Amino acid sequence: MYFVKVYVTYKDSVLDPQGEAVKNAVHRLGYDSIEEVRMGKYFEIQVSSKDESVEETIEAICDQLLANVNMETYRYEIKQLEER
């Protein structure tokens, strides 16, 4: 079994209105040293050990469903879990 963490965020060239709103709220709280906040999405996926191409599977899922590749970028971490 594999445990995958997927992080999806806007590309640097895309305006992040939610991140800007959070940054403005943080500034109103008095934390003026915060220069940028970027929002994103986080997914946890478990993949069975039968899937021998875990990386290819995750890439396909990210490209086709989880991320809008025109506006967003993604990264993931794959960890193999011990079988019980």
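## Exercises on a sheet and its helices

Tyrosine 2 stands opposite valine 47, a residue of β2. The exercises below concern a predicted model, and each is followed by a worked solution.

**Exercise 1.** Work out in which order the strands of the open sheet are arranged, and find which strands lie at its edges.

*Solution.* Begin with β1 and β2, which run antiparallel and are joined by 8 bridges. Besides the pair of tyrosine 2 and valine 47, threonine 9 has glycine 40 of β2 as its bridge partner. Next take β1 and β3, which also run antiparallel and are joined by 9 bridges; in this pairing valine 6 stands opposite tyrosine 76 of β3. Putting the two pairings together gives an open sheet of 3 strands in the order β2-β1-β3, with antiparallel pairing. The edge strands are β2 and β3, each of which pairs on one side only. From one strand to the next, the twist averages 15 degrees.

**Exercise 2.** Determine which strands helix α2 touches where it packs on the sheet, and what angle its direction makes with that of β3.

*Solution.* Helix α2 touches β1, β2 and β3 as it packs on the sheet, and its direction makes about 150 degrees with that of β3. The helix comprises residues 54-66, and although a straight helix of 13 residues would span 18 Å, the end C-alpha atoms of α2 span only 16 Å. Its buried residues are Val54, Ile58, Cys62 and Leu66. They cover an arc of only 70 degrees around the axis, which puts them on the same side of α2. The general reason is that an α-helix has 3.6 residues a turn, so residues three or four places apart point the same way. What covers these buried residues of α2 includes β1, β2 and β3, whereas the face turned away from the buried side carries the exposed residues Glu56 and Gln64.

**Exercise 3.** Compare the span of helix α1 with the expected value, and then decide how its buried residues are placed around the axis.

*Solution.* Helix α1 has 12 residues, 17-28, which at 1.5 Å a residue should span 16 Å; the end C-alpha atoms are 17 Å apart, which agrees. The residues Gly19, Lys23 and Val26 are buried in α1. Seen down the axis, the buried residues of α1 fall within an arc of 60 degrees, so they line one face of the helix. On the other side of α1, Pro17, Gln18 and Arg28 are exposed. Just after α1 comes glycine 30, which takes a positive phi of about 100 degrees.

**Exercise 4.** Is lysine 23 buried or exposed, judged by its relative accessible area?

*Solution.* Lysine 23 is found in helix α1. The cut-off for a buried residue is under 20% relative accessible area; lysine 23 has 15%, and is therefore buried. Leaving aside neighbours within four places in sequence, lysine 23 is in contact with Ile34, Glu35, Glu36 and Val37.

**Exercise 5.** Identify the residues that touch the most other members of the largest nonpolar core, and name the elements that each supply at least two of its residues.

*Solution.* This core has 13 residues, of which Val4, Val6, Ile45, Val47 and Ile58 touch the most other members. At least two residues of the core come from each of β1, β2, α2 and β3. Valine 4 serves as an example: not counting residues up to four places away in sequence, valine 4 touches several residues, among them Phe43, Ile45, Val47, Val54, Ile58, Tyr76 and Ile78. As a general rule, nonpolar side chains tend to be buried together in soluble globular proteins.

How values were computed: Residues are numbered from 1 along each chain as its sequence is written. This is a predicted model: local features need pLDDT of at least 70, side-chain atom pairs count only at pLDDT 80 or more; totals for chains, interfaces and linings use all residues. Side-chain values use heavy atoms; hydrogens and water are left out. Helices (H or I, at least four residues) and strands (E, at least two) are DSSP runs, numbered from the N terminus. The expected span of a helix is 1.5 Å times one less than its number of residues. Buried means under 20% relative accessible area, exposed over 50%, partly exposed in between (1.4 Å probe, protein chains only). The arc is that of the directions from the helix axis to the C-beta atoms. Contact means heavy atoms within 4.5 Å. Two strands pair if DSSP finds at least two bridges between them. Axes are lines fitted to C-alpha atoms, for helices over the stretch in contact, and angles run from 0 to 180 degrees between N-to-C directions. A nonpolar core is a set of buried Ala, Val, Leu, Ile, Met, Phe, Trp, Tyr and Cys residues joined through side-chain atoms within 4.5 Å.
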